[in-house]
Amino acid sequence: MVRPVPFIGIYDLFSARLAASRFDTLFVSGFGLAASTYGLPDVGFMAWSDLLTFVHRLRHAFPHHHLLVDLDDGFGDATMAAHVAHAVERAGASGIVLEDQRRPRRCGHLHGKEILPLEEYLLKLRAVLDARDSLVVVARTDATDPEEILRRVRAFEAEGCDAVLADGLDDLDLLAAIRSSVRCSVVANVIGGGRTPPCDRETLGRLGLNLLLYSTPCLFAAQRAIEQQLMSLTEEQLPFSDSLRHGVSLSECQEVLKDSLWP
């Protein structure tokens, strides 16, 4: 059985610091970054310059962690995708995920996605592969037809990508079929309440998956905790110190934020 490597989705530097204390593999989630940077859904609002700045800050804060970055559709044509991939690698990314969606793009677990013709995406993928130095490239398809998914992941592997990802799948048997169709690594994107059926890491390991992207656990947990804290302050009218049962104390937060340079 394969032991899949979990990449933990983070949405800002604070969530990254919490995740980095327990995992050495972090995923820069496009969904989470759109929410934290703009307060907007993951439908293509992200600017590549904002992504680049965020990766710079992450690498400075966590010099030894693996950073896998959601590059969406590369922010344009093949030339733009290659430029952004190269810039993100120089900023400190260990790897990127490049999807085959047509704009306006959206989260892979939502309906209404449109994909590029295969050859058009392959031009983009080739350009990114040619532009990289040691960057790991995960080629992602948002196709929904099983035969088209298999056709695409085989083509992605033939171009030389390091791993393939078919996003928004609702059938675990299809994950097994992908594993049987390619020799490169296979990735799954796991989102709470998304289209992929609930399953544990051991089950996905038995299917032969190599990497798991947990895209949104920090973001979704933060939303629930903040909502509970605000409800307590609004409805119960307790002194602020008494409402800490929904949160942490100053010292607990400071413990997370402390840095070796600032004891």
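Colleague: Let's start with the charged side chains. Which residue does the side chain of Glu99 meet in a salt bridge?

Modeller: Arg105 is the partner, with N and O 2.4 Å apart. Keep in mind as we go that this is a predicted model.

Colleague: And are Glu99 and Arg105 buried or exposed?

Modeller: Glu99 has a relative accessibility of 1%, and because the limit for "buried" is under 20%, Glu99 counts as buried. Arg105 is also at 1% relative accessibility and counts as buried.

Colleague: How many salt bridges does the structure hold?

Modeller: There are 17. One of them joins Arg103 to Asp73, where the closest N and O atoms are 2.8 Å apart. That pair links distant parts of the chain: Arg103 is in the loop between β4 (95-99) and α5 (118-131), while Asp73 is in the loop between β3 (66-70) and α4 (78-91), and 30 residues separate the two.

Colleague: How accessible are Arg103 and Asp73?

Modeller: Arg103 is partly exposed, at 37% relative accessibility. Asp73, on the other hand, is buried at 3%.

Colleague: Which residue does Glu114 meet in a salt bridge?

Modeller: Glu114 meets Arg102, with an N to O distance of 4.0 Å. Both residues sit in the loop between β4 and α5, 12 residues apart. Glu114 is partly exposed at 48% relative accessibility, and Arg102 is partly exposed too, at 34%.

Colleague: Which residues do salt bridges with shared partners join into one network?

Modeller: The network takes in Asp42, Asp72, Glu99, Arg105, Lys113, Arg140, Asp142 and Asp167. You'll recognise Glu99 and Arg105, the pair we began with.

Colleague: Now the strands. What's the general idea about side chains in a strand?

Modeller: In a regular strand, the side chains alternate between the two faces of the sheet. For the case here, take β3, which pairs with β2 (residues 25-28) in the parallel sense over four bridges. Within that pairing, Leu26 stands opposite Leu67 of β3.

Colleague: In what sense do β3 and β4 pair, and over how many bridges?

Modeller: They pair in the parallel sense, over three bridges. Look for Leu68, whose bridge partner in β4 is Gly95.

Colleague: Why is β3 described as largely enclosed by the rest of the structure?

Modeller: Because four of its five residues are buried.

Colleague: What kind of unit do β3, α4 and β4 make?

Modeller: A right-handed β-α-β unit. You can trace it by following the chain from β3 through α4 to β4.

Colleague: On to the rings. How many aromatic pairs are there?

Modeller: The count comes to two. Phe31 and Phe220 make an edge-to-face pair, with 6.0 Å between the ring centres and 85° between the planes. Phe31 belongs to helix α2 (residues 30-38) and Phe220 to helix α9 (residues 217-236), so this pair links distant parts of the chain, 189 residues apart. Both rings belong to partly exposed residues: Phe31 has a relative accessible area of 26%, and Phe220 has 30%.

Colleague: Why is the pair of Tyr121 and Phe156 called tilted?

Modeller: The planes of the two rings are at 55°, so the pair is tilted, and the ring centres are 4.9 Å apart. Because Tyr121 lies in helix α5 and Phe156 in helix α6 (residues 146-159), the pair ties together parts that are 35 residues apart in sequence.

Colleague: Are Tyr121 and Phe156 buried or exposed?

Modeller: Both are buried.

Colleague: Next, Thr141. Where is it found?

Modeller: Thr141 is in strand β5 (residues 136-141). It is buried, with a relative accessible area of 0%. Its side chain reaches the backbone nitrogen of Ala143 at 3.1 Å.

Colleague: Last topic, the cysteines. What is a disulfide, in general?

Modeller: A disulfide is a covalent bond between the sulfur atoms of two cysteines. A search of this whole structure finds zero of them.

Colleague: Why doesn't Cys184 form one with Cys161?

Modeller: The closest cysteine sulfur to that of Cys184 is in Cys161, 4.7 Å away, and that is too far for a bond. The cut-off to compare it with is 2.5 Å. As for its surroundings, Cys184 is buried, with a relative accessible area of 10%.

Technical notes:
Residues are numbered from 1 along each chain as its sequence is written. This is a predicted model: local features need pLDDT of at least 70, side-chain atom pairs count only at pLDDT 80 or more; totals for chains, interfaces and linings use all residues. Side-chain values use heavy atoms; hydrogens and water are left out. Buried means under 20% relative accessible area, exposed over 50%, partly exposed in between (1.4 Å probe, protein chains only). Two strands pair if DSSP finds at least two bridges between them. A crossover is right-handed if, with the strands pointing away from the viewer, the path from the first strand over the helix to the second runs clockwise. Rings of Phe, Tyr and Trp (its six-membered ring) pair if their centres lie within 6.5 Å; planes under 30 degrees apart count as stacked, over 60 as edge-to-face and the rest as tilted. A polar contact is a pair of N or O atoms within 3.5 Å; within protein, one must be able to donate a hydrogen and the other to accept it, and residues adjacent in sequence count only if both atoms are side-chain atoms.
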